[in-house]
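Reader: Mind walking me through this one? I'd like to get the fold straight before doing anything else with it.

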Amino acid sequence: MAHNARVTSAAPSDVFAILAEPRTYPKWLIGAANIREVEQNWPSPGTRFHHTVGVRPFALADSTEVLDVEPDRSLSLHVRARPFISGIVHFELLPTADGCVITMLEEPAVRLPGNLARPLLDPATHQRNHRSLQRLARLAEERPAA
């Protein structure tokens, strides 16, 4: 499991607003290239957004589905870039006196093959998620005040 956390001066509501808007993902999530469609009622459980990940000629089209959501607190997603990637990503926003801590946990959706590949993939996943959380925090900190 890749586990990352980042302290930000942004309020949990500002971070959640970015997580709840899939069209922002290419701005902060490393590897996200294009959001093709967002289903109505996103981010309700069961809804998806359809995306492209990677760079041509290695770009893959797939989708991400909401598993669970608590506005301004957490978001759990089933991410896919098949045939190579199927994972569960959980974001948690813990309020602090002057912002929040963003926690991101990523693990394989299918245990056996995912666990066999984890020793090879976890270091790269951890670095990608570390850099992605840096970008997410910066984007949230730059949001205009409501």
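Here's a short back-and-forth on the sheet and its partners.

Reader: Which element has the lowest mean pLDDT?
Author: Keep in mind that this is a predicted model. The chain averages a pLDDT of 88, and 89% of the residues score at least 70. Among the elements, helix 1 (residues 12-19) comes out highest at 98. At the other end, with a mean of 79, sits helix 3 (residues 111-141).

Reader: Which strands are the edge strands of the sheet?
Author: The sheet is open, with 7 strands in antiparallel pairing and the order 1-7-6-5-4-3-2. An edge strand pairs on one side only, and that holds for strand 1 (2-8) and strand 2 (32-38).

Reader: And what angle does the direction of helix 1 make with that of strand 6?
Author: Helix 1 packs on the sheet and touches strands 1, 4, 5, 6 and 7. Its direction, set against that of strand 6 (85-96), gives about 160 degrees.

Reader: What is the bridge partner of Thr 52 in strand 4?
Author: Thr 52 belongs to strand 3 and stands opposite Asn 34. Strand 3 is also joined to strand 4 by 6 bridges, running antiparallel. There, the partner of Thr 52 is Ala 61.

Reader: Which residue takes a positive phi in the hairpin of strand 4 and strand 5?
Author: These two strands pair in the antiparallel sense over 6 bridges, with Glu 65 partnered by His 78 in strand 5. Their hairpin leaves 3 residues between the strands. The one with a positive phi, near 65 degrees, is Asp 72.

Notes. Residues numbered from 1 in each chain as written. Predicted model: local features only at pLDDT ≥ 70, side-chain atom pairs only at ≥ 80, totals over all residues. Heavy atoms only, no water. pLDDT = per-residue confidence, 0-100. Helix = DSSP H or I, 4+ residues; strand = E, 2+ residues; numbered from the N terminus. Pairing = 2+ DSSP bridges. Contact = heavy atoms within 4.5 Å. Axes fitted to C-alpha atoms, helices over the stretch in contact; angles between N-to-C directions.
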